[in-house]
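Biologist: Could you walk me through this model, one question at a time? I am new to reading structures, so please reason aloud.

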Amino acid sequence: MWGLVPLFWPLLKPAGAVEILAHRMVWSLVFVGAALLVLRRWAWAGELLRQPRKLSLITVAAAVITINWGLYIWSVNSGHVVEASLGYFINPLVTIAIGVLLLKERLRPAQWAAVGTGCAAVVVLTVGYGRPPWISLALAFSFATYGLVKKKVNLGGVESLAAETAIQFLPALGYLAWLTSQGGSTFAAEGTGHAALLASAGIVTALPLVCFGAAAIRVPLSTIGLLQYLTPVFQFLLGVLYFHEAMPPERWAGFALVWLALTLLTWDALRTARRASRALAAEIGDTGTSRTAGTAGAALNTGVSGGEPGAASESGPVDAKPLTGGGR
């Protein structure tokens with residue numbers, strides 16, 4: 001759904017990007033509010049209102065995602081679908097860079113190589129475009145910042161979207177009322193079908209997030225990470241094959257470097273996950289052997305099969321150290 005959404009925003013013309021954005025905010029709250037009514041999940045709202053720090057972070061998230069949404073709608077409807085897709089290709093690299101700069105995370109050599117290759121890609125694309133790919137960079141940095149804030153908020157997907165759109169609701173509704181008073185609104189002026197399409201922007205926004213939240217608790221994170229590459233892949237293919245955007249050789253070279261960086265990043269992540277899995281399996285095996293040996297020794301000392309309660313404690317507790325995710 002996220003990969004195919006560039007097909008949707010042009011259907012909302014002649015509405016401008018800001019009007020579409022405002023409708024997206026208003027109708028998203030209506031859709032998510034209805035979902036929460038059905039699910040009867042409202043307890044989090046009272047807790048959030050009693051936590052000013054978390055509420056301020058939600059406000060920052062709402063502001064950042066507003067920039068991201070608005071820029072993305074404008075870029076698609078202005079013929080920059082390929083450049084928008086680049087933003088979501090380089091988003092994992094920007095997220096890693098933010099982790100290093102702000103969270104003081106340490107990178108593995110392959111991750112450094114990926115980030116370096118991504119920086120080289122930006123230089124090549126700057127030459128190709130004749131300017132920095134500012135749409136891509138703005139989309140990538142805004143979404144990476146949004147992810148960082150959401151990590152600190154630690155609120156469920158539907159709940160978080162409801163809180164963010166609640167903050168966006170009044171400014172968006174106020175803008176739409178002002179636009180109507182100025183005679184610039186297309187909601188009622190372009191027919192029932194156009195109004196229905198504008199209202200469905202809420203479903204287009206919320207439904208993929210609901211599906212993502214449902215998948216996150218059922219699918220391994222490594223699989224989700226790989227599946228998320230489908231979004232910019234679909235967007236890129238739509239930009240080239242459907243919208244027929246230009247792809248001169250230097251732009252292909254820049255994209256090839258980005259794809260190389262993502263290949264390095266994915267290979268390193270899969271390799272690290274396999275190592276962690278093997279180490280965990282080995283540690284569990286060692287722990288089971290130690291406990292078996294301790295129980296057997298206690299049984300020999302007491303003459304009772306399996307030992308008395310607490311008898312195995314003579315062998316000492318097993319030291320099970322937690323495994324880390326390879327420094328990420």
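Biologist: In which helix does Phe212 lie?
Modeller: A quick note before we start: this is a predicted model. As for Phe212, its place is in helix α9.

Biologist: Is Phe212 buried, partly exposed or exposed?
Modeller: Buried would need a relative accessible area under 20%, and exposed would need over 50%. The value for Phe212 is 32%, so this residue counts as partly exposed.

Biologist: Which residues is Phe212 in contact with, leaving aside its neighbours within four places in sequence?
Modeller: Sequence distance alone does not tell you what sits together in space. For instance, Phe212 and Gly157 are 55 residues apart in sequence, but their C-alpha atoms are 8.4 Å apart. With its neighbours within four places left aside, the contacts of Phe212 are Trp2, Ile224 and Gln228.

Biologist: And Val18, how far is it in space from Ala172, C-alpha to C-alpha?
Modeller: Val18 belongs to helix α1, and its relative accessible area of 48% makes it partly exposed. Val18 and Ala172 are 154 residues apart in sequence. From C-alpha to C-alpha, the distance between Val18 and Ala172 is 9.3 Å.

Biologist: Let us turn to the interior. Which element gives the most residues to the largest nonpolar core?
Modeller: Nonpolar side chains tend to be buried together in soluble globular proteins. Here the largest nonpolar core has 42 residues, and Trp9, Ile20, Val32, Tyr72 and Leu139 have the most contacts inside it. Two or more residues come from each of α1, α2, α3, α4, α6, α7 and α9. The element that gives the most, with 10 residues, is α3.

Biologist: Which residues does Val32 touch, leaving aside its neighbours within four places in sequence?
Modeller: Val32 is among the residues with the most contacts inside the largest core. Its partners, once neighbours within four places are left aside, are Val158, Leu161, Ala162 and Ala206.

Biologist: How many residues does helix α6 have, and what span does it reach?
Modeller: Several residues of α6 are buried, including Ile135, Leu139, Tyr146 and Val153. Among the elements covering the buried residues of α6 are α3, α4 and α7. The expected span at 1.5 Å a residue is 28 Å, and α6, with its 20 residues, reaches 28 Å.

Biologist: Which residue follows α6 with a positive phi?
Modeller: Look just past the helix, where phi is near 55 degrees. The residue there is Asn154.

Biologist: Now the rings. What kind of aromatic pair do Tyr72 and Tyr88 form?
Modeller: The structure holds 15 aromatic pairs. In this one, the ring centres lie 5.8 Å apart and the planes are at 75 degrees. Tyr72 is in helix α3 and Tyr88 in helix α4, 16 residues apart, and both are buried. Planes over 60 degrees apart count as edge-to-face, so with 75 degrees the pair of Tyr72 and Tyr88 is edge-to-face.

Biologist: Which parts does the pair of Phe236 and Phe255 tie together?
Modeller: This pair is tilted, with 5.0 Å between centres and 40 degrees between planes. Both Phe236 and Phe255 are buried. Phe236 lies in one helix and Phe255 in another, so the pair ties together parts 19 residues apart in sequence: helices α11 and α12.

Biologist: Which residues make up the cluster that ring pairs link?
Modeller: Phe236 and Phe255, which we just met, both belong to this cluster. The full set is Phe89, Phe236, Trp252, Phe255 and Trp259.

Biologist: Which residue lies over the face of Trp69?
Modeller: Look 4.3 Å from the ring centre of Trp69. The residue over that face is Arg24.

Biologist: Which residues does Asp268 touch, not counting those up to four places away in sequence?
Modeller: Asp268 sits in helix α12. Its relative accessible area is 0%, so Asp268 is buried. Its contacts, beyond residues up to four places away, are Arg108, Ala110 and Gln111.

Biologist: Last one: how many disulfides does the structure hold?
Modeller: A disulfide is a covalent bond between the sulfur atoms of two cysteines. Cys119 is partly exposed at 47% relative accessibility, and Cys211 is partly exposed at 37%. The number of disulfides in the structure is zero.

Definitions and conventions: Residues numbered from 1 in each chain as written. Predicted model: local features only at pLDDT ≥ 70, side-chain atom pairs only at ≥ 80, totals over all residues. Heavy atoms only, no water. Helix = DSSP H or I, 4+ residues; strand = E, 2+ residues; numbered from the N terminus. Buried < 20%, exposed > 50% of the residue type's maximum accessible area, 1.4 Å probe, protein only. Contact = heavy atoms within 4.5 Å. Disulfide = S-S within 2.5 Å. Phe/Tyr/Trp six-rings, centres within 6.5 Å; stacked < 30°, edge-to-face > 60°. Lys NZ or Arg CZ within 6 Å of the ring centre and 35° of its normal. Expected span 1.5 Å × (residues − 1). Core = buried A, V, L, I, M, F, W, Y, C linked by side-chain atoms within 4.5 Å.
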